[in-house]
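Colleague: Could you take me through this entry, starting from single residues and working up to the packing of helices and sheets?

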Amino acid sequence: IFPYDAALTEDDVYWGALLVGMELVRSGITCFADPGGPHPEAVARAVAEVGLRGVLSLHTWDRSPADRPVPDAVRSAGADAALGATRALMDAWDGQANGRIRISGAVRTLTNASPELLRGMLRLARERDAIVQLHAAVNDDHNRWVQEETGLTPIHYLASLDALDDRWLFAHCARIDDGEVALIARHGAKVAHCP
């Protein structure tokens with residue numbers, strides 16, 4: 001999906017978000033969390049027009065493993081750049097549309113994020129009273145990738161960095177064990193279970 005993200009224009013994202021927004025309303029959904037993609041400003045414009053409430057984000061990543069390369073067009077130029085871009089998005093859009101738009105931090109995946117980016121997003125979330133969205137324990141392949149790089153499963157890896165707390169909103173968590181459930185509960189993290 002990374003090359004697809006890189007190919008999307010702001011106009012593509014705007015029209016896609018507008019169509020998705022209308023489908024959400026049609027289905028009775030009034031609020032959603034978007035774990036990020038390119039051109040979040042275009043998503044924010046569509047959310048404002050449709051009348052939804054949304055927690056939006058810019059996906060960030062500062063690493064590009066050789067077996068899963070991230071195109072330069074969507075990869076952050078380091079943790080500081082990712083944090084700066086997220087801060088700018090928060091400054092521009094958080095609280096807009098009569099408070100219906102909130103901006104969160106986001107890290108795309110653990111395999112594409114440095115410890116500095118993970119910890120930095122948590123600090124920013126605390127400063128701005130926001131959350132941080134992350135795809136975590138999506139499937140067996142995802143867990144294997146994280147284990148190959150860190151020796152740990154995703155939730156245990158975050159805990160090992162002292163970076164597991166109540167600011168996280170994990171997307172998926174389809175492949176976690178009882179110990180990870182206990183860790184998530186103990187730290188007050190949230191799960192958007194999308195199997």
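**Loops, sheets and packing**

Colleague: Does A137 count as buried or exposed?
Modeller: This is a predicted model, where local features need pLDDT of at least 70, side-chain atom pairs count only at pLDDT 80 or more, and totals for chains, interfaces and linings use all residues. Residues are numbered from 1 along each chain as its sequence is written, and side-chain values use heavy atoms, with hydrogens and water left out. With a 1.4 Å probe and protein chains only, buried means under 20% relative accessible area, exposed over 50%, and partly exposed in between. Since the relative accessibility of A137 is 0%, this residue counts as buried.

Colleague: What is the phi of A137 near?
Modeller: A137 is placed in the loop between β5 and α6 (140-150), where helices (H or I, at least four residues) and strands (E, at least two) are DSSP runs numbered from the N terminus. Most residues other than glycine have a negative phi. For A137, a residue other than glycine, phi is positive and near 50 degrees.

Colleague: And what is the relative accessibility of A97?
Modeller: A97 sits in the loop between α4 (79-93) and β3, and its phi is also positive, near 55 degrees. A97 counts as buried because its relative accessibility is 18%.

Colleague: Which residues does T111 touch, not counting residues up to four places away in sequence?
Modeller: T111 belongs to the loop between β4 and α5 and is buried, its relative accessible area being 3%. Between T111 and Q147 there are 9.4 Å in space, C-alpha to C-alpha, although they are 36 residues apart in sequence. Taking contact as heavy atoms within 4.5 Å, and with sequence neighbours up to four places away set aside, the residues touched by T111 are R63, P65, R68, W145, V146 and E149.

Colleague: With which residues is T153 in contact, leaving aside its neighbours within four places in sequence?
Modeller: T153 is in the loop between α6 and α7 (154-160), and at a relative accessible area of 15% it is buried. Its contacts, without neighbours within four places in sequence, are V146, Q147 and E180.

Colleague: Which strands stand at the edges of the open sheet that includes β5 and β6?
Modeller: Two strands pair if DSSP finds at least two bridges between them, and on that basis 4 strands make an open sheet in the order β4-β5-β6-β7, with parallel pairing. Two of them have a single partner strand each, so one side of each is left without a neighbour in the sheet, and these edge strands are β4 (105-107) and β7 (190-192).

Colleague: What is the bridge partner of F170 in β7?
Modeller: Strand β6 (residues 168-172) pairs with β7 in the parallel sense over 3 bridges. F170 also belongs, with L118, L158 and W168, to the residues with the most contacts inside the largest nonpolar core, which has 48 residues; such a core is a set of buried Ala, Val, Leu, Ile, Met, Phe, Trp, Tyr and Cys residues joined through side-chain atoms within 4.5 Å. In β7, the bridge partner of F170 is V191.

Colleague: What angle, in degrees, does the direction of α3 make with that of β2?
Modeller: The sheet here is open, with 3 strands in the order β1-β2-β3 and parallel pairing. β1 and β3 (101-103) are its edges, each with a single partner strand, so one side of each lacks a neighbour in the sheet. α3 packs on this sheet and touches β1, β2 and β3. Axes are lines fitted to C-alpha atoms, for helices over the stretch in contact, and angles run from 0 to 180 degrees between N-to-C directions; the angle of α3 to β2 is about 170 degrees.

Colleague: Which side chains of β2 point to one face and are buried?
Modeller: Strand β1 (residues 31-33) runs parallel to β2 and is joined to it by 3 bridges, with F32 opposite G54. Along β2 (residues 53-56) the side chains alternate, R53 and V55 pointing to the other face and not being buried, whereas the buried ones are G54 and L56.

Colleague: At roughly what angle do the axes of α2 and α3 cross?
Modeller: Residues of α2 including V13, Y14 and L18 meet residues of α3 including A42, V43 and A46. The contact residues divide into 10 nonpolar, 1 polar and 3 charged, where Ala, Val, Leu, Ile, Met, Phe, Trp, Tyr, Cys and Pro count as nonpolar, Asp, Glu, Lys and Arg as charged, and the others, Gly among them, as polar. The axes of α2 (residues 10-26) and α3 (residues 40-50) come within 8 Å, and they cross at roughly 35 degrees.
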